[in-house]
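The following note sets out a few points for the attention of colleagues examining this entry. Please read it alongside the sequence and the coordinates.

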Amino acid sequence: MPKNDSDKKSEFLSIRVSKEMKAELEAIAADNERSLSWVVAKIIERYLESGRSKKF
């Protein structure tokens, strides 16, 4: 039985970052015993929750 879109728990997103930024994100992931993907998702989630009405 194929899943419909509402059954998906997450979506794939690809981004490009500098080597330095990736190293910093990997350090945060290691410190928190989490994956790099989890760290990036949490950063985006927190940014959106705190700054929805703010502009860049």
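1. Phe-12 has a relative accessibility of 78% and therefore counts as exposed, the threshold being over 50%. This residue belongs to the segment before α1. The model under review is a predicted one, and the statement on Phe-12 should be read accordingly.

2. Phe-12 may also be placed with respect to Ser-37: 25 residues separate the two along the chain, and their C-alpha atoms are 10.0 Å apart.

3. The helices merit a description of their own. Two packed helices are described by the angle between their axes and by the distance between those axes. Here, helix α1 spans residues 19-31 and helix α2 residues 36-51; they pack at about 100°, and 8 Å separates their axes. An angle in the range 65 to 115 degrees counts as roughly perpendicular, and α1 and α2 are therefore roughly perpendicular to each other. On the α1 side, the contact is made by Lys-22, Leu-25, Glu-26, Ile-28 and Ala-29, while α2 contributes Leu-36, Val-39, Val-40 and Ile-43. Sorted by class, this contact comprises seven nonpolar residues and two charged ones, with no polar residues.

4. The loop between α1 and α2 contains Glu-33. The phi angle of Glu-33 is near 50°, a positive value in a residue other than glycine. Glu-33 counts as exposed because its relative accessibility is 75%.

5. Which residue lies over the face of Trp-38? Arg-34 does, at 4.4 Å from the ring centre. As for pairs of aromatic rings, the structure holds zero.

Technical notes: Residues numbered from 1 in each chain as written. Predicted model: local features only at pLDDT ≥ 70, side-chain atom pairs only at ≥ 80, totals over all residues. Heavy atoms only, no water. Phe/Tyr/Trp six-rings, centres within 6.5 Å; stacked < 30°, edge-to-face > 60°. Lys NZ or Arg CZ within 6 Å of the ring centre and 35° of its normal. Axes fitted to C-alpha atoms, helices over the stretch in contact; angles between N-to-C directions. Helix = DSSP H or I, 4+ residues; strand = E, 2+ residues; numbered from the N terminus. Parallel < 35°, antiparallel > 145°, perpendicular 65-115°, else oblique. Contact = heavy atoms within 4.5 Å. Nonpolar A, V, L, I, M, F, W, Y, C, P; charged D, E, K, R; others polar. Buried < 20%, exposed > 50% of the residue type's maximum accessible area, 1.4 Å probe, protein only.
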